[in-house]
Amino acid sequence: MSKEQNKKRSMAAEIWQRLVRNKMAMLGLAILIILVLAAIFADVIADYDTKVVTQNIAERLQGPSAAHWFGTDEFGRDIFARLVHGSRVSLVVGIISVSVSLIIGGSLGAFAGFYGGKVDNIIMRIMDIFLAVPSILLAITIVAALGTSLFNVMLAIGISGMPSFARIVRAAVMSVKDQEFVESSRAIGANSVTIIFREILPNCMAPIIVQATLAVAGAILSTASLSFIGLGVQPPSPEWGAMLSGGRNYLRDAIHLTLFPGLAIVITILALNLLGDGLRDALDPRLKQ
């Protein structure tokens, strides 16, 4: 094993040790692992057809019980099963939409920071136009124009989150583009694209990882918001925001219809924020002890 590989492994171990010492970050990581496992094994935990989609009016609006841990909704469907299967939707939308934001926005920010001048000015002024519109309003506009579908929701949230990644990656690239290892790459004849993606970006991963973690939480919340107003995932597919919207008419008689989906959203976003804060502290070299 080369010295460079040993150095990277020791750095990763040091970052992990600092993360482990952060109890709140580990709590967030544990919750996130449980959520991911629930999404992966959702079909094992609860049958999709019989408990998530099939209506059973005779059992509608039942409270939590041994048969239905979180009760049933207005159509007699099991709320716990719908929450478990809904976690798949939230995680998929969160991860894919953030990936769209990272790939497009991150690439634009990298080119803006590396080239500077007119390229930087043009790209960042376009990003400023996007930032002038609230992200949720921009997402609503895109979904309303393209139509309500899971793909359009992911695309809309990805585009609305693009400017944040562009600004963060631009700042990170500008902080390292004049360092010696970049000059060495230029000296051996590497082209600009190779220097950006092979040399600069790998040395800018700390702020990008933190932003991506926090952005997933924002994407899940945006998905729930769009579904709440009817522009997100369409029935009968389970989605936490849509479940909240369906249960708001029964707040007085069956509060569990909104309580458990609301708790699922809050706990998931809290876990991601705790993990994101922990990663920020662990990746910050100024916090080394």
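In this predicted model, Trp240 is in contact, once its neighbours within four places in sequence are set aside, with Leu35, Leu83, Gly86, Ser87, Ser90, Pro261, Ala264, Ile265 and Thr268. Trp240 also belongs to the largest nonpolar core, which has 45 residues, and together with Leu83, Val98 and Leu226 it is among the members that touch the most others. At least two residues of this core come from each of α2, α5 (79-115), α7 (135-146), α8 (150-160), α12 (205-228), α13 (240-247) and α14 (256-283), and the largest share, 10 residues, is supplied by α14. Separate from this core there is a second one of 13 residues, which includes Ala110, Val182, Ile196 and Leu201.

Trp240 appears again at the second largest pocket, which holds about 390 Å³ of space. The lining of this pocket consists of 16 residues, of which Leu35, Phe70, Trp240, Ala264 and Ile267 are the closest to its centre. Two or more lining residues are given by each of α2, α5 and α14, and α14 contributes the most, with five residues.

Two of these helices, α2 and α5, can be set side by side.

| Helix | Number of residues | End-to-end C-alpha distance | Expected span |
|---|---|---|---|
| α2 | 18 residues | 26 Å | 26 Å |
| α5 | 37 residues | 52 Å | 54 Å |

For α2, which covers residues 23-40, the distance from the first C-alpha to the last is close to the value expected at 1.5 Å a residue. For α5, the 52 Å between the end C-alpha atoms agrees with the expected span, because 37 residues at 1.5 Å a residue should reach 54 Å. The N-terminal end of α2 is capped by Asn22, which places a side-chain oxygen 3.2 Å from the backbone nitrogen of Met24. Asp78 caps the N-terminal end of α5, with a side-chain oxygen that lies 3.2 Å from the backbone nitrogen of Phe80. Along α2, the buried residues are Ala25, Gly28, Leu29, Leu32, Leu35, Ala38 and Ala39; of these, Leu35 is also one of the contacts of Trp240.

Backbone angles deserve a separate comment, because most residues other than glycine have a negative phi. After α5 comes Gly116, with a positive phi near 65°. Leu61, although not a glycine, has a positive phi of about 60°, and it is found in the loop between α4 (48-53) and α5. Leu61 counts as partly exposed because its relative accessibility is 25%, and the range for that class runs from 20% to 50%.

Note on methods: Residues numbered from 1 in each chain as written. Predicted model: local features only at pLDDT ≥ 70, side-chain atom pairs only at ≥ 80, totals over all residues. Heavy atoms only, no water. Helix = DSSP H or I, 4+ residues; strand = E, 2+ residues; numbered from the N terminus. Expected span 1.5 Å × (residues − 1). Buried < 20%, exposed > 50% of the residue type's maximum accessible area, 1.4 Å probe, protein only. Polar contact = N/O pair within 3.5 Å; in protein donor to acceptor, adjacent residues only side chain to side chain. Core = buried A, V, L, I, M, F, W, Y, C linked by side-chain atoms within 4.5 Å. Contact = heavy atoms within 4.5 Å. 1 Å grid on protein atoms, 1.4 Å probe; cavity = no way out; pocket = protein on both sides within 12 Å on 5 of 7 lines; lining within 4 Å. Points joined across faces, edges and corners; volume = space filled by probe spheres on them.
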